[in-house]
Amino acid sequence: MKRNVSTLLSVALVASRLAACSNGGGGEAKAENKNGTAATTQQSAANMLAAHKGVNQAPVPLKMERVGLHDVRVEMTAQITDIEIDKGKIYKAWTFNGQAPGPLVVVNEGDTIHFTLKNMDPVVPHSMDFHAVHASPSKDFIDVMPNKSGTFTYPANKPGVFMYHCGTKPVLQHIANGMHGVIIVKPKNGYPTDKEVDREYVLIQNEWYKYNDMNDFQNGVPSYVVFSTKALRPGDPNTNGDTFTLKEKPLLAKVGEKIRLYVNNVGPNEVSSFHVVGTVFDDVYLDGNPSNHLQGMQTVMLPASGGAVVEFTVTRPGTYPIVTHQFNNAQKGAVAMLKVTETGEDDGSETSGH
């Protein structure tokens with residue numbers, strides 16, 4: 001396999017090794033997975049580090065266009081981009097479109113998604129696994145090699161708040177390094193509470209471990225557990241998964257408003273006990289499906305990849321912490337702030353709590 005990669009010999013080596021890991025790879029990949037040693041795994045990781053050293057690709061914007069009544073064209077880019085996950089802590093993330101989590105994708109129930117993945121990673125193949133679609137994984141979620149692109153088509157027939165992620169082996173490595181995000185499939189008949197909702201946000205929980213360390217991904221505990229928000233519409237806040245942004249720049253609401261949050265825990269390993277301090281969830285739709293309606297909940301359990309729509313009313317001004325109630329992970333960063341004022345605008349007061 002030839003690649004237009006003008007880096008050191010180690011780059012060429014890892015490229016040839018990784019080609020065998022792509023779907024349809026031969027016995028060499030199987031033998032390596034079965035008989036590979038810790039030293040081999042460490043060498044492979046070292047080669048990747050060498051190949052990505054100095055690579056910091058500027059984020060490529062998501063391309064999403066409705067091309068028919070029930071047809072949506074989506075183009076995403078796999079790339080290597082530096083992400084600040086804690087103050088002064090830079091992670092050379094494997095990303096979709098230079099974001100981690102990746103950009104929000106929104107379609108309607110019944111849409112057909114015409115999806116293209118472009119791979120700008122110089123050495124590593126990547127792929128896309130949309131949890132929101134019916135597909136043949138061995139055909140529709142296959143690897144796209146470096147400097148190549150692939151196009152796939154599938155229907156989105158169930159409403160909800162779904163995870164997407166890279167499905168290239170080892171999947172854990174790709175998700176933990178940053179290749180995860182959320183796709184919302186809007187229900188064709190809406191939610192029963194649509195007329196009651198005043199404001200909407202998206203919140204995603206994810207974890208960060210030691211950089212590109214498979215042993216830590218598998219056996220360790222996350223160094224950081226974090227929240228991000230993704231823009232539902234132009235002008236909405238759009239952040240990466242870090243420990244600080246949604247504390248320093250809180251989400252905003254007005255006293256008396258009913259707030260809707262589209263929530264997903266993209267993991268890859270931890271469970272989220274999603275809770276908003278100072279309120280009770282009026283309505284909850286598990287996995288974002290209107291059929292899964294619960295009321296009066298204090299905490300919503302989200303498994304890895306699990307989603308929900310949660311709605312609550314803010315009755316008094318102040319700061320409402322949004323947390324996972326597994327407080328070991330909240331202590332690692334999984335806290336966002338919702339600031340509620342009389343006007344719904346930021347009054348400049350300091351946020352506090354949790």
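**Close-up views of a predicted model**

**View 1. Strands 9 and 13 help line the second largest pocket.** Strand 9 (180-186) and strand 13 (258-267) each supply at least two residues of that lining. The model is predicted. The second largest pocket has a volume of about 410 Å³. Its lining comprises 19 residues, and those closest to the pocket centre are Leu104, Val106, Lys186, Leu232 and Arg233. Sorted by class, the lining holds 11 nonpolar, 3 polar and 5 charged residues.

**View 2. Glutamate 257 pairs with arginine 199.** The two side chains form a salt bridge, with the closest N and O atoms 2.9 Å apart. This pair ties together distant parts of the chain, 58 residues apart. Glutamate 257 sits in the loop between strand 12 (251-254) and strand 13. Arginine 199 belongs to strand 10 (residues 199-208). Glutamate 257 counts as buried because its relative accessibility is 12%. Arginine 199 has 21% relative accessibility, so it counts as partly exposed.

**View 3. Glutamate 200 meets arginine 260.** Their side chains make a salt bridge of 3.1 Å, N to O. Glutamate 200 lies in strand 10 and arginine 260 in strand 13, so the link spans distant parts of the chain, 60 residues apart. Glutamate 200 is buried, with a relative accessible area of 18%. Arginine 260 is also buried, at 3% relative accessibility.

**View 4. Lysine 339 bridges to aspartate 346.** The closest N and O atoms of this salt bridge are 2.7 Å apart. Lysine 339 has 3% relative accessibility and therefore counts as buried. Aspartate 346 is partly exposed, with a relative accessible area of 43%.

**View 5. Salt bridges that share partners form a network.** One network joins Asp194, Glu196, Glu200, Arg233, Asp236, Lys258, Arg260, Asp283 and Glu311. Glu200 and Arg260 are the pair of View 3. Arg233 is also among the residues closest to the centre of the second largest pocket. The count for the model comes to 17 salt bridges.

**View 6. Aspartate 140 is buried without a salt bridge.** Aspartate 140 is placed in helix 4 (residues 137-140). The nearest side chain of opposite charge is that of lysine 139, 7.8 Å away. A salt bridge requires the nitrogen and the carboxyl oxygen to lie within 4 Å, so no such pairing is counted here. Leaving aside neighbours within four places in sequence, aspartate 140 is in contact with Met128, Ala135, Phe152 and Tyr154.

Conventions. Residues are numbered from 1 along each chain as its sequence is written. This is a predicted model: local features need pLDDT of at least 70, side-chain atom pairs count only at pLDDT 80 or more; totals for chains, interfaces and linings use all residues. Side-chain values use heavy atoms; hydrogens and water are left out. Helices (H or I, at least four residues) and strands (E, at least two) are DSSP runs, numbered from the N terminus. Buried means under 20% relative accessible area, exposed over 50%, partly exposed in between (1.4 Å probe, protein chains only). Lys and Arg count as positive and Asp and Glu as negative; His and the chain ends are not counted. Contact means heavy atoms within 4.5 Å. On a 1 Å grid over the protein atoms alone, a cavity is a set of points where a 1.4 Å probe fits but cannot get out, and a pocket is an open set with protein on both sides within 12 Å along at least five of seven lines; lining residues have an atom within 4 Å of a point. Grid points are joined across faces, edges and corners, and a volume is the space filled by probe spheres set on the points. Ala, Val, Leu, Ile, Met, Phe, Trp, Tyr, Cys and Pro count as nonpolar, Asp, Glu, Lys and Arg as charged, and the others, Gly among them, as polar.
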